[in-house]
Amino acid sequence: MESIYTAKEDRYDLMAYRRCGRSGILLPAISLGLWHNFGSVDVFSHFIRIAHTAFDNGITHFDLANNYGPVYGSAEENFGRILKKGLGAYRDELIISTKAGYDMWPGPYGNWGSRKYLMASLDQSLKRMGLDYVDIFYSHRPDPETPIEETMGALADIVRQGKALYVGISNYNAEQTAKALAVLKEHRVPCLIHQARYSMFDRWTEPDLLPLLKEEGVGMIAFSPLAQGMLTNKYLHGIPENSRAAKSTGHLQREQVTEDKIDKIRQLNDLAIQRGQTLAEMALAWLLKDDRVTSVLVGASSTEQLLDNLKALENTNFIDEELCKIELALRNPV
């Protein structure tokens, strides 16, 4: 198929790249997540522009999962269409990741972390995207009922089969991560990366997980870096009607956007303005100030939103006074 897409020649000058742990892989400081806005309910002409804009600006990493959509699988199908429409000509310049671990199909073999599920799911993902392999395949969450040896053994065999170049884990706590890394070491297949929820409002990774990843030479990529949109100017004056929190479904519920949170958002927004940034830009920059964070995953519903997020890279330095003010804003109640 003839390509309809020609990439910008200067795209790699527009992005900062960071080494992923102690591996040979460099990831863009900002990666594009396809969790939202790339499903069957979305408009193809919109999200193909987002994908092309991402690559034009040096985003080489596109992150998916088997159940991203809605409907399940549709984000992978649509990304396969994007590849066929031209982006696939640059396959060797891309890092494409996908995952399995959450509910995907009916019955006892379409969920969690069994060898049966992980291998079947990856075969389906490759078919949907029209790929021979993915660059990174993740266990999307730990399975309390399946031995860690089975889950990590499946990941190791997937690498040996050539269906993934690297493997990672997601949503594992520090104790679970340590066990997973130990098993993968026994298989001589290192864990490349850990994908964890991390933002100014959600810092569970800091006490134990981040130090462990640093010590073990494993990269870290943060998802939900804007706390489902709370770390933007959207909630400065309460909950707008068209926001995620206003909807009855979704990961951000109305009761999570408390008066205390709104007050913190306003304080942080004032600090961002003093830095010459939007709140979203500052929130992304705050994560990237830490060299243990390889990349942050952003979602985008428009090219404008994506380009705004990329402006965070223009200033990821914080002076001590700014960091102290941020900590005070985050800790102080109304």
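1. Let me start with a residue that is easy to pass over in this predicted model. Asn269 has a relative accessible area of 12%, and buried means under 20%, so Asn269 counts as buried. Its place is in helix 7, which covers residues 259-274. Leaving aside residues up to four places away in sequence, Asn269 touches Leu236 and Leu279.

2. Now to the overall architecture. Here 8 strands close into a barrel, and their order is 3-4-5-6-7-8-9-10. The pairing in this barrel is parallel. On average, and with direction ignored, neighbouring strands of the sheet are turned by 30° against each other. On the outside of your reading list, but worth a look, is helix 3: this helix packs on the sheet, where it touches strand 5 and strand 6. The direction of helix 3 makes about 140° with that of strand 5.

3. Strand 6 deserves a point of its own. Is this strand, at residues 134-139, enclosed or open? Of its 6 residues, 6 are buried, so strand 6 is largely enclosed by the rest of the structure.

4. What does strand 6 pair with on the strand 5 side, and in which sense? Strand 5 (residues 95-100) and strand 6 are joined over 4 bridges in the parallel sense. If you would like a pair of residues to find by eye, Ser97 stands opposite Ile136 in strand 6. Between these two strands the chain passes through helix 3 (residues 115-129), and this β-α-β crossover is right-handed.

5. Strand 7 is the other partner to check. Strand 6 and strand 7 (residues 164-170) run parallel and are joined by 5 bridges. Here Val134 has Ala164 in strand 7 as its bridge partner. To get from strand 6 to strand 7, the chain goes through helix 4 (residues 148-160), in a β-α-β crossover that is again right-handed.

6. Finally, a word on the second largest pocket. It holds about 260 Å³ of space. The lining has 17 residues, and those closest to the centre of the pocket are Val189, Pro190, Cys191, Leu192 and Gly217. Which elements each supply at least two residues of this lining? They are strand 7, helix 5 (174-186) and strand 8 (191-197). Strand 7 therefore links this point with the previous one: strand 7 pairs with strand 6 and also contributes to the pocket lining.

Technical notes:
Residues numbered from 1 in each chain as written. Predicted model: local features only at pLDDT ≥ 70, side-chain atom pairs only at ≥ 80, totals over all residues. Heavy atoms only, no water. Buried < 20%, exposed > 50% of the residue type's maximum accessible area, 1.4 Å probe, protein only. Pairing = 2+ DSSP bridges. Right-handed = clockwise from strand over helix to strand, strands pointing away. Axes fitted to C-alpha atoms, helices over the stretch in contact; angles between N-to-C directions. Contact = heavy atoms within 4.5 Å. 1 Å grid on protein atoms, 1.4 Å probe; cavity = no way out; pocket = protein on both sides within 12 Å on 5 of 7 lines; lining within 4 Å. Points joined across faces, edges and corners; volume = space filled by probe spheres on them.
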